[in-house]
Each structure stands twice: as structure tokens, then as C-alpha cells.
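This report is meant for a reader who is meeting the structure for the first time. Please look over the sequence and the model before reading on.

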Amino acid sequence: MSAKTILQQRLTTEFRFQLNVLRSVVDWVVLLYIVVPFLTLAAFFYVDAWQNVSLYWSDSIPFFALLIVLLILSVGGNFRTHLLEADVIFLIHLKSVYYKLKQYSFLVSAIKIGFSMALKIMCLAPILVHIYDFSMLDTSILALEASMFQFLVMTIRRIYRNTYVRGLMISGAAVSVVLLVLFVPSVPGLFVSLVGLGIICYYHAFVMTRTTSRFYEEVAIEDYERFRYIRLILAYSTEVEKSGGKQASHPAFVFRRSSPIFKTPSKENGLTTLVLKAFLRNKSMVSMYAQLMGLTIGAIMITPLWYKWLVLIGFSFFMNSWLKATFTKLLSNPFFHVVPYDKQITDPVWAQFKKMIYLSSFFVMAIVAIVSTMLSL
Amino acid sequence: MALEVDLQSSGYNAHQNVLHDIQFAVEPGEVVGLIAPNGAGKSTLIKSILGIIKDVEGEMRLKDYAYIPERPIFYEGLTLKEHLDFLSSTLDISSERFNEKVEKLVRDFYLADVMLQYPESFSKGMQQKVMLVIAFLKEAAVYLIDEPFMGLDPKSMKKLLQYVERKKNDGAGILMTTHVLDTAEKVCDRFILLFNGSIVFQGTIKDIRKASGLKQGSLFDCFDVLTEDTSYVR
């Protein structure tokens with residue numbers, strides 16, 4: 001089978017997969033009452049922006065701000081390879097097909113970036129043309145410079161694994177592109193971005209694609225890209241518990257040296273330590289806890305006097321029941337099949353857990369309610 | 001008796017039983033090998049003994065046990081040291097004695113340098129070693145060991161066998177499921193051959209050879225003979 005056929009099959013399969021994912025949230029009701037009106041309104045606003053641009057963007061905002069917006073919009077994405085994990089068995093030994101598949105995939109990625117950049121520039125065009133007096137040539141050069149930035153960022157992300165190095169390199173690339181756009185005249189700017197794009201494309205098409213050494217990283221990127229819509233849907237689903245994400249190899253902040261919480265060893269203290277540490281190191285639980293507190297603080301601050309205390313009582317009930325559910329979940333871990341605990345200590349451990357997590361949050365909320373009441377009197 | 005099993009049926013739902021009519025016992029100071037092909041019900045049997053699956057009919061008499069699962073299980077967000085600290089809190093043992101045992105076991109299984117790391121980030125073999133350390137830190141009456149050799153390096157495998165021997169000499173009963181039949185033949189005192197959810201034979205290697213008609217046959221060959229008349233498809 002040729003690389004072209006494989007890519008075609010994989011693009012079709014992925015298109016169907018993503019379509020099914022979108023269908024799971026966008027049924028005909030959503031399409032009719034949200035998507036279609038939204039697209040109609042967007043088209044109407046776009047036409048209006050060409051006629052009354054000052055309603056959408058102030059001419060006192062410097063061009064630099066718009067450039068930053070464009071660069072931020074260009075930071076995401078990955079070069080796709082359309083590799084699958086099973087390719088390690090079925091494809092990787094067919095080097096010419098394997099390399100060709102990666103080359104074609106790069107071409108598809110580059111075309112997609114081109115279209116997406118064209119869309120971004122089209123959206124910004126009314127502002128660029130009417131407020132900053134960009135000509136057609138200037139707008140096209142800006143699109144090329146921004147594309148070069150996006151290619152550069154995606155290349156940096158592909159090459160460097162260390163987060164700090166990546167951040168530093170991407171910041172450097174952003175500063176360079178800002179300087180290029182702001183201080184280099186149009187024609188040399190065009191030349192620099194064309195040469196830059198040419199070098200990056202050559203590197204990807206003839207160097208990066210001709211290697212198998214990054215196979216597993218490339219498969220991981222593919223998985224990440226394939227499930228991006230599913231992640232997006234889950235991120236906005238309030239009923240779905242979010243996973244804590246990829247776990248580090250050791251604790252970064254909480255009890256870094258694995259030190260005990262209690263001085264006296266006992267069955268109760270052992271289990272309390274376990275649930276407390278598991279709770280405090282679970283990003284999703286801690287963020288839910290912080291969100292509950294943050295929302296309640298906001299509600300107490302803005303509501304009238306008597307409502308503040310009703311909010312506090314509501315918080316007390318809700319926090320208590322959420323913590324009880326969380327505690328039950330922490331104790332239902334299959335690890336307890338390996339190291340069972342004495343079920344009789346569940347109640348005293350819940351009391352200890354509640355004392356530490358619930359009472360501290362209630363104490364903070366009560367202080368906020370008292371201070372807020374005094375300020376509103 | 002360290003473990004006594006009299007099981008009429010067991011499975012993951014009431015309509016589909018995986019195991020039927022299983023009766024056996026493990027004596028103190030005895031290593032029993034549970035030998036079966038994939039999907040025959042080894043892990044289901046162990047889970048039934050532990051009481052962690054619903055549809056079980058029968059009786060199990062199990063003393064204080066230690067369990068080594070087929071797939072390592074850890075508590076998310078706890079370091080190796082914290083797993084061991086929790087284990088210590090569940091046992092009636094002085095912290096000095098426990099720490100001594102921890103020191104020896106983590107040294108034997110080369111885990112001393114990763115005590116402050118999350119076991120979930122370890123390789124499969126290292127995770128399996130953590131499970132062994134947790135089990136051997138207990139002074140249990142019976143050890144239920146499900147596929148202990150998976151992912152272990154030869155040195156750790158040797159250590160595991162030494163610990164099994166030590167626990168056996170201390171009077172513990174050991175029930176071990178494995179596919180590594182040549183090792184099982186050397187280590188186990190007795191075997192239970194499980195096929196299609198039922199026991200097809202149980203006894204010593206001598207008994208198995210006699211029943212299979214292979215006087216000098218290995219456990220591997222005898223198992224093949226004893227199960228060849230039984231349909232593999234359930």
C-alpha cells in the first residue's frame with residue numbers, strides 16, 4: 001500500500017471520528033438554535049466591521065496590541081504525522097512508505113496552517129486596513145510573518161522536551177517576530193519570512209520526516225491531537241470529574257519528603273495521612289475545593305446582608321456533602337485490596353479529615369462573612 | 001489450614017459463572033501452584049478468595065493474608081515511602097522492627113533510591129517489586145500470589161523465590177498462580193490444574209506424572225496431556 005493511500009485512509013477515518021465526536025454534542029437542535037444563528041450573526045458582524053470598524057476596535061490601541069493577539073492565536077497546534085502505535089509492527093520497517101507518509105502529513109499540516117492563518121488575517125483585515133492603513137501587500141506579508149512564527153513555535157515544541165527551554169525559545173521567537181514586523185520594512189520582511197519558512201519546511205520535509213527515533217513522541221502527539229475535541233468537551237462538562245493530568249515522578253510541593261503528618265503512629269492516623277495526602281495532591285480535587293471557596297467568597301461579597309449568611313449556610317452543607325463523597329471515593333481505591341484497613345476506623349478518620357479540610361474552609365468563609373457584614377453596615 | 005476453598009460457582013455476573021466446583025486447601029508451610037491456561041479463571045479464583053467479586057457461591061476459610069495482584073495496584077498521589085508507612089499503620093509491629101524489614105526488602109529489590117517517588121511512574125518490573133515488598137513486609141498466614149514473575153528481572157526473580165522459601169519455612173501457606181511452569185515445578189510442593197473453570201487434577205508432581213502417564217514428564221508436558229481431552233473453548 002502506498003503512503004498516499006494510507007494517509008487518505010487515515011484522514012478519512014479521523015474525519016469520521018471527529019464528526020462523530022462533534023455529533024455527540026451538536027445535534028440538530030443545537031445546530032438549528034445555536035450554530036446557525038451564531039454563524040449568521042458572525043457574518044453580519046463581519047460585514048458591519050468593514051463599514052463601522054471603530055465600533056469594534058479603537059484607533060487609540062497601538063498596532064503592537066493587535067500583533068500580540070495574532071501571535072497568541074498562532075501559538076497552538078502541532079505538525080501531524082498521522083502515525084499509529086501499531087505502525088511500530090506494520091509500517092516502520094517499510095522505510096520509504098513510512099518517510100513518505102510523514103512527508104505527506106507535513107504537507108497536509110502546512111496547508112491547514114495556511115488556511116487557518118488566512119482565516120485569522122481575514123477576521124483582522126477590517127482593523128488592519130481601516131485603522132492601521134495596511135495595504136493588501138502589507139497584510140499578506142504580515143500573514144507570512146505570523147505563519148513563520150507559528151511554524152517556528154511548532155518546530156520548537158517538536159524539538160525541545162524541557163518545558164523551560166521551550167518557553168524560553170518560544171519567547172525568543174515571539175520577540176524576534178515582533179521586532180521583524182514592527183521595525184523591518186515590508187520587502188526585507190517578506191524576504192526574511194520566506195527564507196525562514198523555506199528553512200523550516202526543508203527541515204521538516206527532509207530531516208524530521210526521515211527519522212524513526214522520535215516514533216513514540218510522534219504517536220503521543222497524534223493521540224493528543226486526535227482527542228483534542230473530546231478533551232474540550234470533557235473540559236466544559238460540569239458533571240464529569242477531570243483527571244489530575246499526567247503525574248510527576250515525585251511530589252512537587254505537598255510533603256515533598258514524604259514526611260508523616262502525625263507524630264503518634266496509629267491505624268487512624270495512618271489512614272488519615274493517606275486520605276489527606278491523596279486529597280491535597282489531587283489537582284482536580286484541590287481545584288474543585290478552591291473553586292467552591294472562590295465562588296462562595298464572591299457570592300458573600302456581592303450579596304445583600306442576610307443573603308451573605310444564607311450563602312454561608314449553603315456552603316457549609318454543600319462542602320460537607322462534597323467532602324463526604326470525596327472521602328468515600330478515596331476509600332474505594334483498589335489498593336485497599338492489597339493493604340486492607342480496619343473498617344471500624346472509617347468514622348474517626350472521616351471526623352479527622354473533615355476537621356482539617358472542612359473546618360478550615362468554613363473558618364475562612366465565616367471570617368469573610370463577618371468582615372463583609374461589618375463593611376456593609 | 002492456612003486456606004480452605006469450597007466454591008460451588010463464581011463469576012462476574014449471576015448468569016455467567018467462570019468457576020465451578022472448586023475444592024482445595026493450602027496447608028501451613030506449603031507452596032501450591034495454581035496452573036491454568038489464559039482465561040481459565042485463575043485471577044477470578046483469587047478474587048473470589050479475597051471476596052472482591054460479587055457472584056460467589058461457596059465457602060472460603062482464609063486466615064490473615066497478603067496479596068500480590070497480577071497487575072500492580074497503587075494509591076494515586078502517594079510515594080513509595082507513604083505506601084509503606086500506611087502499611088505499617090495497619091500492622092501490629094513496632095516501627096523499629098518495621099523499618100528494619102523495609103530497609104532489607106528495598107535493598108534486596110533495589111528500590112532504596114526511589115522511596116520518595118510515586119510508584120505509578122515506575123516501570124512494570126519495578127511496580128511488581130513494590131507489590132512484593134508490600135506483601136513480604138506482612139507476617140501473613142497465607143500469601144496469594146498472582147503471576148509473580150511477570151516483568152521481573154532474573155535477580156529479582158531469584159530474590160522472590162528466596163523470600164517464598166523463607167515464608168514457607170516460617171509456616172506460611174502460599175498459593176501462587178503462574179505460567180512459568182519450569183520454575184513452578186522447582187518451587188511448588190503441590191499443584192492445582194485448572195481448566196475451563198474447573199479443577200482437572202490436583203496433587204504433587206509425582207501424582208501428576210502418574211495421572212498423565214508420563215513417568216519422566218515435565219509439568220509442562222503433563223499439563224498438556226491432562227488437559228488435551230477437554231475442549232479449550234468455553
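## Terms and model

Two residues are said to be in contact when they have heavy atoms within 4.5 Å of each other. The model described here is predicted.

## A buried lysine in chain A

With that meaning of contact in hand, one can turn to Lys102(A), which has its place in helix H5 of chain A, a helix made of residues 95–130. Leaving aside the neighbours within four places in sequence, Lys102(A) is in contact with Thr81(A), Leu83(A), Met208(A), Thr209(A), Thr211(A) and Glu218(A).

Is Lys102(A) buried or exposed? Its relative accessibility is 1%, and because residues under 20% are classed as buried, Lys102(A) counts as buried. One of its contacts can be described in more detail, since the side chain of Lys102(A) reaches the backbone oxygen of Thr211(A) at 2.8 Å.

## Where the two chains meet

How many residues of chain A are in contact with chain B? There are 27 such residues in chain A, and they are in contact with 27 residues of chain B. Between them the two chains bury about 2,600 Å², of which 63% is on carbon and sulfur atoms.

Two salt bridges are counted between chain A and chain B, and a salt bridge with an N to O distance of 2.9 Å joins the side chains of Lys277(A) and Glu82(B). The count of residue pairs in polar contact between the chains, with both residues at pLDDT 80 or more, is six. On the side of chain A that touches chain B, at least two residues each come from helix H11 (267–280), helix H13 (305–331) and helix H14 (335–338) of chain A. H11(A) gives the most to this side, with six residues. Sorted by class, the side of chain A that touches chain B holds 15 nonpolar, eight polar and four charged residues.

## Cysteines without a bond

A disulfide is a covalent bond between the sulfur atoms of two cysteines. Over all chains, the structure holds zero disulfides. Cys188(B) is in no disulfide, and the nearest cysteine sulfur, that of Cys222(B), is 14 Å away.

Why is the sulfur of Cys222(B) not bonded to that of Cys188(B)? The sulfur of Cys188(B) is the closest cysteine sulfur to that of Cys222(B), but at 14 Å it is too far for a bond, because a disulfide needs the two sulfur atoms to be within 2.5 Å. Both cysteines are buried, Cys188(B) with a relative accessibility of 7% and Cys222(B) with a relative accessible area of 0%.

Technical notes: Residues numbered from 1 in each chain as written. Chains lettered and ligands numbered in written order. Predicted model: local features only at pLDDT ≥ 70, side-chain atom pairs only at ≥ 80, totals over all residues. Heavy atoms only, no water. Buried area = accessible area lost by both parts, 1.4 Å probe. Salt bridge = Lys/Arg side-chain N within 4 Å of Asp/Glu carboxyl O. Polar contact = N/O pair within 3.5 Å; in protein donor to acceptor, adjacent residues only side chain to side chain. Helix = DSSP H or I, 4+ residues; strand = E, 2+ residues; numbered from the N terminus. Nonpolar A, V, L, I, M, F, W, Y, C, P; charged D, E, K, R; others polar. Buried < 20%, exposed > 50% of the residue type's maximum accessible area, 1.4 Å probe, protein only.
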